[in-house]
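User: Please take a close look at one part of this model, following the strand pairing and the side-chain surroundings there. I would like one connected account, with the cut-off behind each term.

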Amino acid sequence: MSRPFSPRSSPFAGSFVRVNGKIRAREVRVVGHDGRQLGVLQLGEAINLARAQGVDLVEIAPNATPPVCRLVDYGKFRYEQAKKDKEARKHQHANKVKEIQLSVTIDPHDFGVKLGHAIDFLCDDMKVKVTLRFRGREMAHQEFGYQVVKNFIKEVAPFGHPDADPKLIGKGINVMLSPLPRNKRAKNPNQGPKATDMPDEDHEPSDEAEEAPVQKPAPKPAKERVPVNAAENNTFGQSPFAGLNIKSQ
């Protein structure tokens with residue numbers, strides 16, 4: 001029941017696991033498929049025990065002395081391992097930190113833009129570091145800087161919470177925001193279709209309106225052209241003086 005080596009293109013090639021005949025130790029500590037300890041056995045005995053139960057002998061702790069092996073179906077083992085790795089990758093976003101920089105005299109529009117970025121980061125399970133820098137004589141009025149930071153924390157409260165109170169470090173105020181759990185976090189307002197874009201099922205056009213004939217506007221009567229001079233009033237081939245009563249002298 002020896003399994004071949006995993007191909008390089010396999011998603012499990014990076015984490016190679018020895019199975020059955022690929023195990024190099026002479027003695028192994030065997031764990032049953034139900035988690036029960038079966039003791040230390042010779043490698044041949046452990047492989048025969050796995051064959052008798054119709055499963056594989058999978059090495060799960062190669063650095064232990066002796067190595068720990070488990071009686072389990074190798075396909076099922078790979079599936080469970082891939083599922084655990086996927087869940088672990090989901091929580092890796094929490095280790096990423098994004099920084100948002102504010103100022104004492106920040107414009108309300110810029111404040112809203114940075115607030116939207118912070119909400120997107122928190123909804124993606126990332127931490128957000130909020131930094132406010134004082135410039136020049138702004139250090140004399142630190143209360144305005146604290147007010148800006150507190151307003152920012154208040155706006156992102158449905159999506160994240162501060163790890164600690166804002167602190168003055170050097171010439172700036174710093175605070176770290178962590179995302180709330182998914183079941184307690186509000187929905188990201190920057191994602192999802194808008195209500196105005198969805199079709200309204202209650203106001204569907206009726207068939208009578210679709211089948212109603214379209215009335216075309218009546219053609220306008222052609223305007224009669226007024227001749228500009230006498231030459232235009234005469235037909236082709238006639239003299240312009242034909243209508244005049246000229247007496248011969």
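Analyst: Cys69 is buried, its relative accessible area being 0%, where buried means under 20%, exposed over 50% and partly exposed in between, with a 1.4 Å probe and protein chains only. Cys123 also falls in the buried class, at 14% relative accessibility, and the structure holds 0 disulfides, a disulfide being a pair of cysteine sulfur atoms within 2.5 Å. This is a predicted model, in which local features need pLDDT of at least 70 and side-chain atom pairs count only at pLDDT 80 or more, while totals for chains, interfaces and linings use all residues. Residues are numbered from 1 along each chain as its sequence is written, and side-chain values use heavy atoms, with hydrogens and water left out.

The part to follow is strand β9, residues 172–179, of whose 8 residues 7 are buried; helices (H or I, at least four residues) and strands (E, at least two) are DSSP runs numbered from the N terminus. Strand β6 (residues 127–133) pairs with β9 in the antiparallel sense over 6 bridges, pairing requiring that DSSP find at least two bridges between two strands. In this pairing Arg133 stands opposite Gly172 of β9. Antiparallel pairing, over 3 bridges, also joins β9 to strand β8 (residues 167–169), and there Ile169 is the residue opposite Gly172. β8 and β9 form a hairpin with 2 residues between them, and Gly170 in the turn has a positive phi of about 70 degrees. Strand β7 (residues 160–162) is a further antiparallel partner of β9, over 3 bridges, with Gly160 opposite Pro179.

Beyond the strand, Arg185 sits in the loop between β9 and α5 (207–211), and this residue counts as buried because its relative accessibility is 14%. The Arg185 side chain makes a polar contact of 2.5 Å with the side chain of Asp125, a polar contact being a pair of N or O atoms within 3.5 Å, of which, within protein, one must be able to donate a hydrogen and the other to accept it, residues adjacent in sequence counting only if both atoms are side-chain atoms. A polar atom of the same Arg185 side chain lies 2.8 Å from the backbone oxygen of Leu180. Leaving aside neighbours within four places in sequence, Arg185 is in contact with Leu122, Cys123, Asp125, Pro158, Phe159, Pro179 and Leu180, contact meaning heavy atoms within 4.5 Å. This list thus includes Cys123, with which the account began, and Pro179, the residue of β9 that stands opposite Gly160.
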